[in-house]
Amino acid sequence: SSDLYANFILLNNGTVLSAGDNTAGVLGTGDIGTRNVFGAVIGISSQAIGVACGRYTSSILLNTGVVKSNGRNNYGQLGTNDTSARSTTVPMVNISTAIAVSQGLYHAAILLNNGTVWSTGLNQFGQIGNGVSAVGATVLTPVPALGLSSQAIGVSAGSSHTLVLLNDGRVMSVGLNNFGTLGLNDVVTRSTLCFVVGISSQAIA
């Protein structure tokens, strides 16, 4: 997985390596020094099964269902109930049954094993999906997206929007829509999930 100038590699032994620009400690190496050789992310030993990157932020999914994050946290995108940057991984608050994680520009979306999606971070365009949007709005701990009850099987966070794949092959979207990004046949930004137009049962990813 890649950030703007940082890269992460998940190994088959459950560890994660990182290299590149280390702004805000995004590499998870305990410092903010640039690395031109891949090194191990601190605090991840044989448990990682997924990794996602945002802008100077990274999140690692563990086989225990916990998500650990590090890097920039100015909008609460680490889900730690504060806005302090971290150079070593810390667990997201109240996330213990995650099966997937995706990072947008300044928000993170987490799929839980009960089919719900929880998000944290910048919510200026409603990308968190909790029915709220306002200039500078932030969410510091993961909250559930409205309109989902055990149907989600996939999630993808874009720059300022989020897509959710349902188990019936439909797709829902939320957030910034100024270019028609949400696929709703308009350019109206949404703060609650809406069904993508023209996708009734065929989507698998």
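A cavity here is a set of grid points where a 1.4 Å probe fits but cannot get out. With that in hand, let's work through this predicted model.

**Exercise 1. Find how many cavities of 30 Å³ or more the structure holds, and give the volume of the largest cavity.**

Solution.
- Step 1: Apply the cut-off of 30 Å³; one cavity passes.
- Step 2: Read off the volume of the largest cavity, which is about 30 Å³.

**Exercise 2. Describe the lining of the largest cavity by residue, class and strand.**

Solution.
- Step 1: Collect the residues with an atom within 4 Å of a cavity point. For the largest cavity they are Val117, Ser119, Gln127, Ile128, Ala145, Thr162, Val164, Val174 and Leu193.
- Step 2: Sort this lining by class: six residues are nonpolar, three are polar and none is charged.
- Step 3: Look for strands that supply at least two lining residues each; strand S10 (117–122) and strand S13 (161–166) do so.

**Exercise 3. Place S10 in its open sheet and work out how S10 is joined to S11.**

Solution.
- Step 1: Write down the strand order of this four-stranded open sheet, S8-S9-S10-S11, and note that the pairing is antiparallel.
- Step 2: Pick out the edges. Strand S8 (98–103) and strand S11 (138–144) each pair on one side only, so they are the edge strands.
- Step 3: Check the twist, which averages 10° from one strand to the next.
- Step 4: Turn to S10 and S11, which run antiparallel and are joined by four bridges. To see a bridge partner in S11, start at Leu122: the partner there is Thr138.

Definitions and conventions
Residues numbered from 1 in each chain as written. Predicted model: local features only at pLDDT ≥ 70, side-chain atom pairs only at ≥ 80, totals over all residues. Heavy atoms only, no water. 1 Å grid on protein atoms, 1.4 Å probe; cavity = no way out; pocket = protein on both sides within 12 Å on 5 of 7 lines; lining within 4 Å. Points joined across faces, edges and corners; volume = space filled by probe spheres on them. Nonpolar A, V, L, I, M, F, W, Y, C, P; charged D, E, K, R; others polar. Pairing = 2+ DSSP bridges. Axes fitted to C-alpha atoms, helices over the stretch in contact; angles between N-to-C directions.
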